Amino acid sequence: MKRARPGKVTVLAGGVGAARLLRGLAAVVPARDLTVVVNTGDDDVFHGLHVSPDIDTILYTLAGLSDPGRGWGLRGDTFHAIDALARYGRETWFRLGDRDLATHLYRTTERAAGRRLSTITEAQTRALGVGVRILPMSDDPVRTVIETARGRLSFQEYLVRERARPSVRAIRYHGVRKARPAPGVLPAIRNARVLIVAPSNPFVSIAPILGVPGVRDALRRAAAPVIAVSPLIGGRPVKGPADRMMRSLGMRPDPVHLAGLYSDLLDGLVLDDTDARFLPALEARRIRAATTNTLMKTPARSTAVAQEVLHLAHAVATAPAS
Ligand code: GDP
Ligand code: CA
């Protein structure tokens, strides 16, 4: 079936879930029409290197270079350098691949030379042959911090070192109030024909982006429909601690509570077939919903979910006002 071009599409994105959806969108939307606004709250410095995990996951996936098994890093990469550092007694729980190091070295030295993260990311996108525009949410530093029963942890300490085991009391986004949206972010939201919230962790991937002053407001006011894809399947995330975070913060991990986190800006939600029983509750909250198999293990599933999102956006945009 031939489909009309949807026009400009802008996606709010974390890491793996977003990358899987973007792989599908890139198959059905011309690259020049696709913009991704990426979370940088996970960014951190390891061994003096500036690492932007979510940007890298999206960049490597769209470049066809990602490791499908791990979900992060480069396919076929080796870990000699990080293991050699361990012999000097350095902590190496955050794994950095040998070829992956080039990305962080480039980013770090360019930043030291005064370049902005958005400029650096654009150069890296071009160098890896990716046509999709990848924008960090901000060029200013924002750091997600997790207050746990075992004290305050940086996001990577919580997720990678502690494997998301400590119970979460609060999540903070240091620097977010003073952060400015990176150049291009607000226009990409204002000028989009379709706005998509990727199936990413709502607290540590999407919330930091929405917290950058001006972003949430731009989404609320945007003419385009805002469609989210649920990262939860049958009450469980495909990976990561989204369900535990929701429970710790007093919410049931289901699509209705997920939608509640975006209720001021959401028009539609794509959820998994296994969660179809939530459709009436979503419709009652004036959220158009559609179900499909949202597990994007293969490129074909990514494309199918992307098509479902565009289809729902079209349905919302052409529905008579109620
Ligand atoms: P990451 O930890 O940096 O990869 O950040 P994300 O927030 O983007 O990734 C974790 C989220 O992606 C989890 O909540 C997962 O449920 C979601 N996710 C990963 N793969 C898939 C998938 O194939 N389908 C759906 N619906 N969600 C996914
Ligand atoms: Ca992430």
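This passage walks through the aromatic pairs, a helix crossing, several buried positions and two unusual backbone angles of a predicted model.

Aromatic side chains make a convenient starting point. Five aromatic pairs turn up when the whole structure is searched. One of them joins Trp72 and Phe79, whose ring centres are 6.1 Å apart; their planes meet at 75 degrees, so this pair is edge-to-face. The two partners differ in their surroundings: Trp72 is partly exposed, with a relative accessibility of 34%, whereas Phe79 is buried, at 17%. The rings of Trp93 and Phe94 are also edge-to-face, because their planes stand at 85 degrees, over the 60 that this label requires. The centres of the Trp93 and Phe94 rings are 6.4 Å apart. Here again the tryptophan, Trp93, is partly exposed, at 25% relative accessibility, while Phe94 is buried, at 11%. Trp93 and Phe94 belong to one aromatic cluster together with Phe46. Returning to Trp72, its ring has a further neighbour in Arg70, which lies over the face of the ring at 4.5 Å from the centre.

Attention now turns to the packing of helices. Helix H1, spanning residues 16–28, and helix H13, spanning residues 299–318, have axes that come within 7 Å of each other and cross at roughly 75 degrees. The two helices are therefore roughly perpendicular, since that angle falls in the range from 65 to 115 degrees. On the H1 side, the contact is made by Arg20, Leu21, Arg23, Gly24, Leu25, Ala27 and Val28. These meet a set of H13 residues consisting of Pro299, Ser302, Thr303, Val305, Ala306, Gln307, Val309 and Leu310. Sorted by class, the residues in this contact are nine nonpolar, four polar and two charged.

A buried position in a strand comes next. Val36 sits in strand E2, which covers residues 34–38, and is buried, with a relative accessible area of 0%. Beyond its neighbours within four places in sequence, Val36 is in contact with Val11, Ala13, Leu22, Ile58, Val132, Arg133, Ile134 and Leu135. One of these partners, Leu22, falls within the residue range of H1, and another, Ile58, falls within that of helix H2. Val36 and Gly14 are 22 residues apart along the chain, and their C-alpha atoms are separated by 9.8 Å.

Two other buried residues, one acidic and one a histidine, can be described together. Asp56 belongs to helix H2, residues 53–62, and is buried, with a relative accessible area of 5%. His104 is found in helix H4, which runs over residues 100–112, and is likewise buried, at 1%. The contacts of Asp56, leaving aside residues within four places in sequence, are Val51, Thr103, His104 and Arg107. Apart from residues up to four places away in sequence, His104 touches Leu49, His50, Val51, Asp56 and Leu96. Asp56 and His104 thus appear in each other's contact lists, and Val51 appears in both. His104 also lies 9.5 Å from Val45, C-alpha to C-alpha, although 59 residues separate the two in sequence.

Helix H5, residues 117–127, packs into these surroundings too. Its buried residues are Leu117, Ser118, Ile120, Thr121, Ala123, Gln124 and Thr125. They pack against strand E4 (49–51), helix H2, helix H4 and strand E5 (133–136). Just after H5, Gly129 adopts a positive phi of about 75 degrees.

Positive phi values also occur at residues other than glycine. His47 has a positive phi of about 55 degrees, and is located in the loop between strand E3 (44–46) and strand E4. With 31% relative accessibility, His47 counts as partly exposed. Arg163 likewise takes a positive phi, near 50 degrees. This arginine lies in the loop between helix H6 (155–161) and strand E8 (168–174). Arg163 is exposed, with a relative accessible area of 58%.

Definitions and conventions:
Residues numbered from 1 in each chain as written. Chains lettered and ligands numbered in written order. Predicted model: local features only at pLDDT ≥ 70, side-chain atom pairs only at ≥ 80, totals over all residues. Heavy atoms only, no water. Phe/Tyr/Trp six-rings, centres within 6.5 Å; stacked < 30°, edge-to-face > 60°. Buried < 20%, exposed > 50% of the residue type's maximum accessible area, 1.4 Å probe, protein only. Lys NZ or Arg CZ within 6 Å of the ring centre and 35° of its normal. Axes fitted to C-alpha atoms, helices over the stretch in contact; angles between N-to-C directions. Helix = DSSP H or I, 4+ residues; strand = E, 2+ residues; numbered from the N terminus. Parallel < 35°, antiparallel > 145°, perpendicular 65-115°, else oblique. Contact = heavy atoms within 4.5 Å. Nonpolar A, V, L, I, M, F, W, Y, C, P; charged D, E, K, R; others polar.
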